[in-house]
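The following exercises concern a structure made of chains. Please study the sequence and the model before reading each solution.

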Amino acid sequence: MIPSTLRMATPLGFAALGGIYSERAGVINLALEGMMLMGAFGYVIGTQGSGSIWIGLLVGISFGVAMALLHAIATVTFHAEQVVTGIGINILALGITEYLLPPSKQVGGLPHWQLPLIGSYSFIVYLLPVLMVASHILLFKTPWGLRLCAAGESTEALAALSLSRAKWQYLGILLSGLLAGAGGCFLASEVHYFTKGMTAGRGYLALAAVIFGNWRPLSGVAACFLFGLATALELANRWNIPGQLLHSLPYILTMVVLVGFVGTSRPPASLGRMKS
Amino acid sequence: MNIRKLFVSLVGDKTSQSRKFFLSCIPPLLAIFVFFLSCGIVVHFRGQDALEFYKIILSSGFASFDEFGYVLFNATPLVFTGLAVAIGYRSGLFNIGCEGQLYVAAFAAAWVGMHLNLPAFLLIPLCIGAAMIAGAGWGAIPGFLKARYGAHEVINTIMMNFIAFALMNYLVTSVYQEQGQMIPQTPQIHETARIPRLASLIPFLPQSNPLNASFLIACGAVVLCYIFLTYTRWGYELRLVGNARDVASYGGINPRTVTVWVMALSGAVAGLAGVAEVMGYRYRYLDNFSSGWGFTGIAVALLGRNNPFGILSAAVLFGLLNKVALDIDILLGIPRGLFLAGQGMLIIWLVCIEGISRK
């Protein structure tokens, strides 16, 4: 149960952290799905092309960042509708990967580290809690993070400090591409293949985790573990519960949280807004 | 100077409706042009003949009535999802949930079509009604949550999509699966619940052509939608809430009520895409039948500038692309991902153009 929870939660956690950076900077990020898909794709073709998983990881992450750059140019520079741009990027990523579909040749996985009491997992799994805590400190305890958040809270706060809102939004979106791309790399490295549309809605689920976790890194990643557990239960399925019910549990929970029945849900004040 | 005169006569003076209309046509036409151009460039750099590629596009869509029938058949669900997205958009709402709404509606149509054995003149309207009610219900939930609790409809419609996929998968694998079949599908609906194929009415269409009367329903929906949005009180309320929410409330319109019924209407129209599939083509519910129609609907609405007639043209274009994608895969070995990627770029270009003009 624990191994499959971790394997499910890790790519989600990376994408969710990415989503938090972007949304905290005020840009709705529906493109996580496409960024992850391109990350997985980049990992596989990079590894196949060079023979090195590290080059693969680098290619995967840079493909994620490339998608993010497109999202940033469209939404921040051209003020394009953020929701629609995100969907466009997901369709684009699906198309590019389908067009250039790599031969279904097995690629190596990322190195596993053996830790006492925990077991042997890909090092990416251990990286997630580190990044989660680092993101929390970065976003809420440093001037850097507060500026990024200010970009999402108000359209004019940064201008008052004579800082460019656009620059911080670019940064937030690019970071989300980096993290979502890394999540995609992990996904491909665990199954050793790239298959068409292999992210299968994980980007949207990660976005749900962002909302579920109230746009905060600690609770966002915690939500990913909860969603991962739901998927692990679905796979184990010992109690004759319809798998589909467990499968849709994260989505139902997110709606419940969003409506405000449980706790309060407060998105960044200027999320999705380009002008005051 | 003569060119300028010609331009003025085409475009009309600054304030006229025809000039506005002409200007609004430029971005989509430009986007389509760039789309085909860049596809040709990609094909050229694959080391294949780009001219041959364009010839195949034309012949695969328009060489015969049969080919064109397939184009219109492909366009049918996209007309509905495009209209659904546009109805929401005109009121300032994003309905990303068409995919889920059309699945739920398709299942409702299939359920009624399987269980009731009535004459066609009763059963067909009943099935369509059931589908529209199911789609409306699925759309109204995010609408209600937005109106009552301020929960963003984008996230909720996406969540409702995934819930619909899971629910339908459950129903079709555990409850209503056809006996003795491995395929996740329901039994066939009754003969009387089927929407007739046009091949039996139009002499030039071969019997194998799947074009059916649901395309005529789609055309009817386009006209009705146009009349509804432009000339009725409700259409006016819908647009007013989209353009100037505060003015609407000042004028005595409750934007919350409008939000709920707009999402319901949008869902009902999206549901008709499910009707076209179940009653017009497959005569049963097959799990995962839609190939992203709900999402393509967003592209269709964008390209059609949220105008019903624009949407009809855009849907026919996408119907053509879907058909051509298959043919170029078979004839030239070009994967259909090319058009999918192009479609993604098209969406991004169009929203960028819209963004700049709003800036």
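**Exercise 1: A helix and its length**

Task: Compare the expected and actual span of helix α5 (residues 123-141) of chain A.

Solution. Helices are DSSP runs (H or I, at least four residues), numbered from the N terminus. The expected span is 1.5 Å times one less than the number of residues. For the 19 residues of α5(A) this gives 27 Å, and because the end C-alpha atoms are 27 Å apart, the two agree.

The model is predicted: local features need pLDDT of at least 70, side-chain atom pairs count only at pLDDT 80 or more, and totals for chains, interfaces and linings use all residues. Residues are numbered from 1 along each chain as its sequence is written, chains are lettered from A and ligands numbered from 1 in the order in which they are written, and side-chain values use heavy atoms, without hydrogens and water.

**Exercise 2: The interface**

Task: Describe how chain A meets chain B.

Solution. Step one: 38 residues of chain A are in contact (heavy atoms within 4.5 Å) with 43 residues of chain B.

Step two: the buried area, meaning the accessible area (1.4 Å probe) that two parts lose on being put together, summed over both, is about 3600 Å², and carbon and sulfur atoms give 79% of it. In chain A, the residues losing the most area to chain B are A:Y99, A:Q244 and A:M255, together 20% of what that side buries.

Step three: one salt bridge (a side-chain nitrogen of Lys or Arg within 4 Å of a carboxyl oxygen of Asp or Glu) is found across the interface. The side chains of A:E98 and B:R336 meet in a salt bridge at 3.2 Å, N to O.

Note on methods:
Helices (H or I, at least four residues) and strands (E, at least two) are DSSP runs, numbered from the N terminus.
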